[in-house]
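Colleague: I am new to this structure and would like a close look at a single part of it. Please go through that part slowly and explain the terms as they come up.

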Amino acid sequence: KRPSESRSRMEQTIVTGQAITVQRLTPDSTALDAINCVIESAVLGWDLAERVKRLVLPSYRYTPLDVQHLSFAVARNRHDDIVGVASWEEAGAVDSPQIGATLVLHGLFVAPGHQGRGIGGLLVDHVVKVAAGSGYDALLVKAQRDAQAFFASQGFQSLPVGDAANDYAHRLWRPVHQPRRQPHNADPHR
């Protein structure tokens, strides 16, 4: 029997002086437009050639069909604007043969003006709580090369590439029953 996801409650956290609310959401068309605006602004900020950004951007945008198959959480600022999004679904056996029942984090995007403030970490923590509360063992991400350091700071570990022709090179996973790794300079008493 596969684990089932349960609905999570809304959580509000103060991040670098601003109130951020993270909540599970089934996006309607208005929310989907706002989510796609966050994704577009994030992708356009990547260190890639402009032509490459234009070519890949459509594959990152979510559609109503995606809403039927993926789960979503959004981060909202005090003005109720969506400033970050995470999406996930259950991993297939091919993606997680050695790590148990797993959720795949399909997307994690934070609007450029809000990056570096802990919002991505709040979204990861939210998905980890959903996974743990739903009986999953791990969270898997197929990260962009430039995002590996972020995911490592969130407690993710690299998975070995067994078959270079078929395995995504930047797969990382995190058991959901362990605390996130603290940065080296973090005060554990704060």
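Colleague: How many residues lie between β3 and β4 in the hairpin they form, and which residue in the turn has a positive phi?

Modeller: The hairpin of β3 and β4 has 5 residues between its strands, and D80 in the turn has a positive phi of about 70°. Some ground rules come before the detail. This is a predicted model, in which local features need pLDDT of at least 70 and side-chain atom pairs count only at pLDDT 80 or more, while totals for chains, interfaces and linings use all residues. Residues are numbered from 1 along each chain as its sequence is written, and side-chain values use heavy atoms, with hydrogens and water left out.

The chain has 5 helices and 8 strands. Helices (H or I, at least four residues) and strands (E, at least two) are DSSP runs, numbered from the N terminus. In sequence order the pattern is β-β-α-α-α-β-β-β-α-β-α-β-β.

Now the hairpin itself. Strand β3 covers residues 71-76, and its pairing with β4 is antiparallel, over 6 bridges. Two strands count as paired if DSSP finds at least two bridges between them. One of the bridge partners can be named: F72 is matched with S87 in β4.

Strand β4, residues 82-90, is mostly covered, with 7 of its 9 residues buried. Buried means under 20% relative accessible area, exposed over 50%, and partly exposed in between (1.4 Å probe, protein chains only). For the chain of 190 residues, the buried share is 43%.

β4 also pairs with strand β5, residues 102-110, again in the antiparallel sense, here over 7 bridges. In this pairing, E89 has V104 of β5 as its bridge partner. β4 is thus paired with β3 and with β5.

As to confidence, pLDDT is the predictor's confidence in each residue, from 0 to 100. Its mean over the chain is 81, and 77% of the residues reach 70 or more. Among the elements of the chain, β3 has the highest mean pLDDT, 96, whereas strand β1 (residues 11-15) has the lowest, 51. Residues 1-9 stay under 50 in pLDDT, and the model has 25 contacts for them beyond four places in sequence. Contact means heavy atoms within 4.5 Å. Residues 183-190 are also below 50, but this stretch has 0 contacts in the model beyond near neighbours in sequence.
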